Amino acid sequence: MTTAPAPFSLFASTLPTRLHVGRAVVASPRWRRMVVRAKIREIFMLTLSSTMTEGKIVSWTVAEGDRVNKGDVVVVVESDKADMDVETFHDGIVAAVLVAVGESAPVGAPIALLAESEEDVQAALAKA
């Protein structure tokens, strides 16, 4: 006993991105580039080894009010294995140091605030 094949149908959601369906043209939406602009960013404790759960601040290589560029070393962190330099991911002004030298912070916790401009430093200090 054989069964009849299932009826074939196409829905607009299963069609390729540009096909004529009736009189309308089905087209995929254009992707727009989304730019996120943050005025205040966090410098956070990075995972420097696979077993690291917290890091201790050995020294800050910058002070509050210093201007930094992406890739600048801002802090030296002692992990469970070694002391390592931590770089910033963004340009800005170091607005507030949240974790002092000698103190520890868990991985992912903010250790400093980075303001985009001089005007944003006060807002960052209020957030600290």
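Leaving out neighbours up to four places away in sequence, Ala 124 is in contact with Ile 40, Ala 95 and Leu 113, where contact means heavy atoms within 4.5 Å. The model is a predicted one, in which local features need pLDDT of at least 70 and side-chain atom pairs count only at pLDDT 80 or more, while totals for chains, interfaces and linings use all residues. Residues are numbered from 1 along each chain as its sequence is written, and side-chain values use heavy atoms, with hydrogens and water left out.

Ala 124 sits in helix H1 (residues 118–127). With a relative accessibility of 0%, Ala 124 counts as buried; the cut-offs are under 20% relative accessible area for buried, over 50% for exposed and in between for partly exposed, with a 1.4 Å probe and protein chains only. Between Ala 124 and Leu 113 there are 6.6 Å from C-alpha to C-alpha, and 11 residues in sequence.

As for the overall layout, the protein has one helix and 10 strands. Helices (H or I, at least four residues) and strands (E, at least two) are DSSP runs, numbered from the N terminus. Read from that end, the elements go β-β-β-β-β-β-β-β-β-β-α. Of the 128 residues in the protein, 27% are buried. Among contacts with a separation of 6 or more, 54% come from residues 24 or more positions apart.

One open sheet has four strands in the order S3-S10-S8-S5, paired antiparallel; two strands pair if DSSP finds at least two bridges between them. At the edges stand S3 and strand S5 (67–68), each with a single partner strand, so one side of each has no neighbour in the sheet. Four bridges hold antiparallel S8 and S10 together, and Ala 96 has Leu 113 in S10 as its bridge partner. H1 packs on this sheet and touches S3, S8 and S10, its direction making about 20 degrees with that of S8. Such angles run from 0 to 180 degrees between N-to-C directions, with axes as lines fitted to C-alpha atoms, for helices over the stretch in contact.

Another open sheet of four strands follows the order S7-S6-S4-S9, again with antiparallel pairing. Here the edge strands are S7 and strand S9 (104–106), each pairing on one side only. From one strand to the next, the twist averages 40 degrees. S4 and S9 run antiparallel and are joined by three bridges: Gly 55 stands opposite Ala 105, and Lys 56 opposite Ser 104. On S6, S4 has four bridges, also antiparallel, with Trp 60 opposite Val 75.

What does Val 75 touch, leaving aside neighbours within four places in sequence? Its contacts are Ile 57, Ser 59, Trp 60, Thr 61, Met 84, Asp 85, Val 86 and Ile 111. Val 75 also belongs to the largest nonpolar core, which has 19 residues; those touching the most other members are Met 45, Ile 57, Trp 60, Val 75, Val 77 and Ile 111. A nonpolar core here is a set of buried Ala, Val, Leu, Ile, Met, Phe, Trp, Tyr and Cys residues joined through side-chain atoms within 4.5 Å. Strand S4 (54–60), strand S6 (73–78) and strand S10 (110–115) each supply at least two residues of this core. Apart from it lies another core of seven residues, including Ile 93, Ala 95, Ala 96 and Ala 115.

The structure holds one aromatic pair. The ring centres of Phe 44 and Phe 89 are 6.3 Å apart and the planes are at 35 degrees, so the pair is tilted. For this call, rings of Phe, Tyr and Trp (its six-membered ring) pair if their centres lie within 6.5 Å, and planes under 30 degrees apart count as stacked, over 60 as edge-to-face and the rest as tilted. Phe 44 lies in strand S3 (residues 40–44) and Phe 89 in the loop between strand S7 (83–87) and strand S8 (92–97), so the pair ties together parts 45 residues apart in sequence. Both rings belong to partly exposed residues, at 33% for Phe 44 and 46% for Phe 89.

Thr 88 lies in the loop between S7 and S8 too, and at 3% relative accessibility Thr 88 counts as buried. Its side chain reaches the backbone oxygen of His 90 at 3.1 Å. Beyond four places in sequence, Thr 88 touches residues including Ile 43, Val 68, Asp 72 and Leu 114.

How values were computed
Polar contact = N/O pair within 3.5 Å; in protein donor to acceptor, adjacent residues only side chain to side chain.
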